[in-house]
Amino acid sequence: MKNFNYNVSTRILFGRGKINEIGKEVKKYGDKVLIVYGKGSVKRNGLFDVIINNLREYGIYVYELDNIDPNPRIDSVYKGAEICRKEGVKLILAVGGGSVIDCSKAIAAQANYCGDIWQDLYVEQKLQDLKSVLPVASVLTLAATGSEMNGNSVISNMHTNQKLAIGHDLLRPVFSILDPEYTFTVNQYHTAAGIVDILSHLFEQYFTPDHDGYLQNRMMEAMMKTVIEYGPIAYQELNNYEARANLMWTSSLALNGMVTYGKVSTDWATHGMEHELSAFYDITHGVGLGILTPYWMKYVLSKDTVHRFVEYARNVWNLSGNDEIELANLAIEKTREFFTSIGIPSTLEEVGIDGSKLEEMAEQATMFGALGCMKKLYKEDVLAIYKMAL
């Protein structure tokens, strides 16, 4: 096991009615807050009014930035940072899912940064230049990305067809409110996409060629089984509290760093490939991951990696057998069947992607070098997986 420093600093307020504590929590950071949200569902379902009324009780002045896209744009980041600078905002409150939280983190970074975070941080990855950020908090309305408890931020630049990520502990939310009831209004399509996203985060950290990380891998298997158990229930019963609660907490734990502290390696190739689908075609992230993941699994399966697939087959899907390659392929088939059962397409053509840009996407996906560690994926490998998925 590798050395590590444990830091999961976000304060979590989980459960029914926790939204009523938001004014008290925000007031700790000041009396001017920028609320960032998406296309208006938080106003239609009444959550926005609950938040505003609670903040007003504590004398907190509110500014708004709305219309954040599902793949948040750098243009929104610049707009939000300008509001923060002009108005002296003390805290950014993200009300929504991962896209809104990711955008809020980028705003928090740009507001205190002298240069352009897109070029310096997202493109050139000069993360050592990030010295201070505005505090960010979140009210989660969609269980998927885990952004409510980690320091990651993924932003799209539609001018350059790029979707890039950064990660920094300064970007971890100072607190997050997780009330499963505020995910009841998420429709089946986005519920399914969130389910896939949670599983994909676990896959990217679980599927590694090393033989270490026994404890970490067992924790991830428990989380995978939780998603497989409660995902279909939430998909069929949108207001099932227990199912939504289990998905919400698993989403947070899956990507807050806990399951990989001390682990030798992680992969993230499928995310790298999917980011190009979203950058070029603006598709839903979880849907893209659901399409690509089983093809990636098939492509990287070999005698050197089969041991992890066998563990996955036996410990997550309760499969048995002595032929390891056969067992691995059965587990991959079970994965595809699970995605299909919650309405996830199995090909790129089903979401309007043809073969015209596959080579360009493969080249851009590997612009910083090979992807992954289960098998190093170069341009030709990424292109092959795209063609398998077409």
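In this predicted model, the count of aromatic pairs comes to 16. A pair of aromatic rings is described by the distance of the centres and the angle of the planes. One such pair is formed by phenylalanine 14 and tryptophan 249, whose ring centres lie 5.9 Å apart and whose planes stand at 70 degrees, an edge-to-face arrangement. The pair links distant parts of the chain, since phenylalanine 14 belongs to strand 1 (residues 11-14) and tryptophan 249 to helix 9 (residues 241-254), with the two positions 235 residues apart. Phenylalanine 14 is partly exposed, at a relative accessible area of 31%, and tryptophan 249 is likewise partly exposed, at 34%.

A further pair joins phenylalanine 203 and tyrosine 312, with 5.6 Å between the ring centres and 85 degrees between the planes, so this pair too is edge-to-face. Because phenylalanine 203 sits in helix 7 (residues 188-206) and tyrosine 312 in helix 12 (residues 306-315), the pair ties together parts of the chain that are 109 residues apart in sequence. Here both partners are on the buried side of the 20% cut-off: phenylalanine 203 has a relative accessible area of 4%, and tyrosine 312 has a relative accessibility of 1%. Both residues also belong to one aromatic cluster, whose other members are Tyr206, Phe207, Trp296, Phe309, Trp317, Phe338 and Phe339.

One member of that cluster, Phe339, leads to the packing of two helices, as it is among the residues of helix 13 that meet helix 11. Helix 11 (residues 285-300) and helix 13 (residues 324-341) pack with their axes 10 Å apart and at an angle of about 175 degrees. The two helices are therefore roughly antiparallel to each other, as angles over 145 degrees count as such. On the side of helix 11, the contact is made by Gly290, Ile291, Thr293, Pro294, Tyr295, Met297 and Lys298, while helix 13 contributes Asn329, Ile332, Thr335 and Arg336 in addition to Phe339. Sorted by class, this contact between helix 11 and helix 13 holds six nonpolar, four polar and two charged residues.

Helix 11 also takes part in covering another helix, for the buried residues of helix 15 are covered by elements that include helix 10 (269-281), helix 11 and helix 14 (358-365). Within helix 15 (residues 379-389), the buried residues are Asp381, Val382, Leu383, Ile385, Tyr386 and Ala389. Residues 191-389 are listed by UniProt, in an unreviewed entry, under "domain: Fe-containing alcohol dehydrogenase-like C-terminal". This span is 65% helix and 0% strand, and the C-alpha atoms at its ends lie 22 Å apart.

For residues 10-180, the unreviewed UniProt entry gives the feature "domain: Alcohol dehydrogenase iron-type/glycerol dehydrogenase GldA". In this span helix makes up 33% and strand 25%, and the end C-alpha atoms are 18 Å apart. Valine 136 offers a local view, being placed in strand 5 (residues 136-140) and counting as buried at 3% relative accessibility. When its neighbours within four places in sequence are left aside, valine 136 is in contact with Ile92, Ser104, Lys105, Ala108, Pro173, Val174 and Phe175. Glycine 17, by comparison, is 119 residues from valine 136 along the chain, and the C-alpha atoms of these two residues are separated by 21 Å.

Terms used:
Residues numbered from 1 in each chain as written. Predicted model: local features only at pLDDT ≥ 70, side-chain atom pairs only at ≥ 80, totals over all residues. Heavy atoms only, no water. Axes fitted to C-alpha atoms, helices over the stretch in contact; angles between N-to-C directions. Helix = DSSP H or I, 4+ residues; strand = E, 2+ residues; numbered from the N terminus. Parallel < 35°, antiparallel > 145°, perpendicular 65-115°, else oblique. Contact = heavy atoms within 4.5 Å. Nonpolar A, V, L, I, M, F, W, Y, C, P; charged D, E, K, R; others polar. Buried < 20%, exposed > 50% of the residue type's maximum accessible area, 1.4 Å probe, protein only. UniProt positions renumbered as here; feature names shortened; annotations may be inferred. Phe/Tyr/Trp six-rings, centres within 6.5 Å; stacked < 30°, edge-to-face > 60°.
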